[in-house]
Amino acid sequence: EDEEQLYAISVDLMPNTAQVYYLLCDDIAISTPFWTPIGEYTVFKGTFDGDGYSISDVGLINTHYDYVGLFGQSSGTVKNLTVSGTVIGKSIVGLLSAHNTGNIENCKVENGSVTGIGYTGGMVGYNEGGTISASVASCVVNNTGSGNTGGLVGYNDSGTIKTSFSSASVAGGNGNVGGLVGESRYTCLIDNCFAVATVSGSGTVGGLVGYLNQYYSSRIATIR
């Protein structure tokens, strides 16, 4: 893939099915300051394999936008990829993927900055039933509102995060703020993870997780 092909994926000019496999063959530095997220229009369903390469200079600044990140919405697999850049959005913001319902494997977010007012995470804003494994976030995360804010994931809703860590600098507003995850709830699992993050906020603040939500007794939220 090159930047032109990457853009074609983002605006739905390339196939988008569960069978599609995209392989990055070199580092890409995005030249446009206003990136169109992959999956902004239609949820990304395929596999995107970075093959150890990086996509840098991801840029999107619009405080009226949701689903802000390299991927806006993904239900497929994103793996073996390093991402950097600066994204500023509204409700769901993450540098790699704003909203993840699929799989993220062996990915890194570094030398980046993420800002939002809702679900805001260094790698993923909203992990809804998705799985994140062997992944790292080392970036700056800011929330200027009351949403959940985390170094790796802003809001982990019934998702799994394993063998991952955060060394992000996380500054939340008056919501839930965590070095790894802002809020984790329902039948979720955080397994073999850690954070060496700098964390601050005026709401519920934790070094690893800001708030572990056990609202339903039949849905067990687990950290181990």
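**Two unusual backbone angles and one salt bridge**

Tyr 186 is buried in this predicted model, with a relative accessible area of 14%. That value falls under the 20% cut-off, so Tyr 186 counts as buried rather than partly exposed. As for its place in the chain, Tyr 186 sits in the loop that links β22 (181-185) to β23 (189-191). The backbone here does something worth a second look: Tyr 186 is not a glycine, and yet its phi is positive, at about 60 degrees.

Asp 12 is another residue of this kind. Its phi is positive too, at about 65 degrees, although Asp 12 is not a glycine. Asp 12 also belongs to a loop, this one running between α1 (3-10) and β1 (21-23). With a relative accessible area of 31%, Asp 12 is partly exposed, whereas Tyr 186 is buried.

Now for the charged side chains. Side chains of opposite charge can pair when their charged atoms come close. Searching the whole structure turns up one salt bridge. The partners are Asp 157 and Arg 185, whose side chains meet at 3.7 Å, taken from N to O. Asp 157 is part of strand β17 (residues 153-157) and Arg 185 is part of strand β22, so the pair ties together parts of the chain that lie 28 residues apart in sequence. On the Asp 157 side, the relative accessibility is 7%, which means that this residue counts as buried.

Strand β22 connects the two parts of this story: Arg 185 of the salt bridge lies in it, and the loop that holds Tyr 186 runs from β22 to β23.

Notes
Residues are numbered from 1 along each chain as its sequence is written. This is a predicted model: local features need pLDDT of at least 70, side-chain atom pairs count only at pLDDT 80 or more; totals for chains, interfaces and linings use all residues. Side-chain values use heavy atoms; hydrogens and water are left out. Helices (H or I, at least four residues) and strands (E, at least two) are DSSP runs, numbered from the N terminus. Buried means under 20% relative accessible area, exposed over 50%, partly exposed in between (1.4 Å probe, protein chains only). A salt bridge is a side-chain nitrogen of Lys or Arg within 4 Å of a carboxyl oxygen of Asp or Glu.
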